[in-house]
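Visitor: I am new to this structure. Please pick one small part and look at it closely with me, then step back to the whole.

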Amino acid sequence: MLSASLLLLLILWLIPIPLAWAPDPIGNNAQLFAEGTRVTVQLTVVSGLIGVVLGVMAALGKVSRFAPLRWIAGFYIWVMRGTPLLVQVLFVYFALPEVHPLLRMNEFTAACVALALNVGAYNAEAIRSGLLAVPKGQIEAARSLGLNRWYTFIDVTFPQAFKISLPPLVNNIVALLKDSSLAFTIGVVELTNAGSQVKSTSFQAVPVFIATAVIYLVLTTVMTQISDAVERRFDIEGKLG
């Protein structure tokens, strides 16, 4: 996990060098592609972390005994999963300021909010399924040992639910990396936007979008390695076997 994370940081730091070796129009725009790549990773990391927190909160609301919490969590998940991410990005950036001026955000922040809200809804269903998959016998055993509801959840239920939910959570984060390209629509200069700018000035679509796709492929490959390492880290049964 550490080596894959270091590799990602190394790629972000050194990516201008191999891009500069590429023929034009990639080589003479290497810095723009590098900056776009870094913004893409920043969007993914920030919105991904917030999305995990939102997912946990929504999942707990969905399984809560308190009916209003279930309704709020269900409504949030229903809306975010039932509407296109593009509409959500545009709504956060253009529509929210019309609701109240204090809701006006810059392009990067608006993109992070929209992406986090979207991935949080998908994370919520993954975590909820993990919570429901924990055998009730283990909860009853924890209660019989004198643990209250809070310690039963923290020490018994949630660790197992998180491990069960980890594969779909990982898939959501990798998909988020690609979905971050929609931030292009509100002016965030991420990787897709950088490629579009180079295409507009060079009129060479084929090399530009091949380079863009290759960079995305490298990023998703490294992030998949990180996610696989996280899964192995939590695979307690595999280690015992």
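Guide: Start at alanine 30. Setting aside neighbours within four places in sequence, alanine 30 is in contact with Pro16, Leu19 and Ala20. Take Leu19 from that list. Leucine 19 and alanine 30 are 11 residues apart along the chain, and their C-alpha atoms are separated by 5.1 Å. Keep in mind that this is a predicted model.

Where does alanine 30 sit? It lies in helix α3. Its relative accessible area is 6%, and the cut-off for buried is under 20%. So alanine 30 counts as buried.

Now move along to phenylalanine 33. Leaving aside neighbours within four places in sequence, phenylalanine 33 is in contact with Leu19, Ile26, Leu191, Ala194, Gly195, Val198, Val208, Thr212 and Ile215. Leu19 is on this list, and it is on the list for alanine 30 as well.

These names lead to a core. The largest nonpolar core has 22 residues. Leu8, Leu19, Ile26, Phe33, Ile215 and Leu219 have the most contacts inside it. Five helices each supply at least two of its residues: α1 (2–14), α3 (30–62), α8 (149–179), α9 (191–202) and α10 (205–233). Helix α10 gives the most, with 8 residues. Another core lies apart from this one. That second core has 16 residues, among them Val89, Ala114, Leu176 and Ala183. As a general background point, nonpolar side chains in soluble globular proteins tend to be buried together.

Stay with helix α3 and go on to threonine 44, which also lies there. Threonine 44 has 2% relative accessibility, so it counts as buried. Not counting residues up to four places away in sequence, threonine 44 touches Ile173, Leu176, Leu177, Ser180 and Met223. Leu176 in that list is one of the residues named for the 16-residue core.

One more stop: asparagine 123. This residue lies in helix α6 (residues 107–133). Is asparagine 123 buried or exposed? Its relative accessibility is 0%, so it counts as buried. Apart from neighbours within four places in sequence, asparagine 123 is in contact with Gly51, Val52, Gly55, Leu169 and Asn172. For a sense of distance, take isoleucine 226. It is 103 residues from asparagine 123 along the chain, and the two C-alpha atoms are separated by 18 Å.

Now step back. The protein has 11 helices and 0 strands. Its C-alpha trace spans about 70 × 50 × 25 Å along the principal axes. Of the 241 residues, 41% are buried. Many contacts reach far along the chain: among those between residues at least 6 apart in sequence, 72% join residues at least 24 apart.

Then the outside. The accessible surface comes to about 13300 Å², and 69% of it belongs to carbon and sulfur atoms. The protein carries 16 positive and 13 negative side chains. The centres of these two sets lie 10 Å apart.

Last, how confident is the predictor? The average pLDDT is 88, and 95% of the residues score at least 70. Among the elements, helix α5 (residues 85–99) has the highest mean pLDDT, 96. Helix α11 (residues 236–240) has the lowest, 48.

Methods: Residues numbered from 1 in each chain as written. Predicted model: local features only at pLDDT ≥ 70, side-chain atom pairs only at ≥ 80, totals over all residues. Heavy atoms only, no water. Core = buried A, V, L, I, M, F, W, Y, C linked by side-chain atoms within 4.5 Å. Buried < 20%, exposed > 50% of the residue type's maximum accessible area, 1.4 Å probe, protein only. Helix = DSSP H or I, 4+ residues; strand = E, 2+ residues; numbered from the N terminus. Contact = heavy atoms within 4.5 Å. Areas by Shrake-Rupley, 256 points an atom, 1.4 Å probe, with all protein chains shown as cover. Lys, Arg positive; Asp, Glu negative; His and termini not counted. Charge placed at Lys NZ, Arg CZ, Asp CG, Glu CD. pLDDT = per-residue confidence, 0-100.
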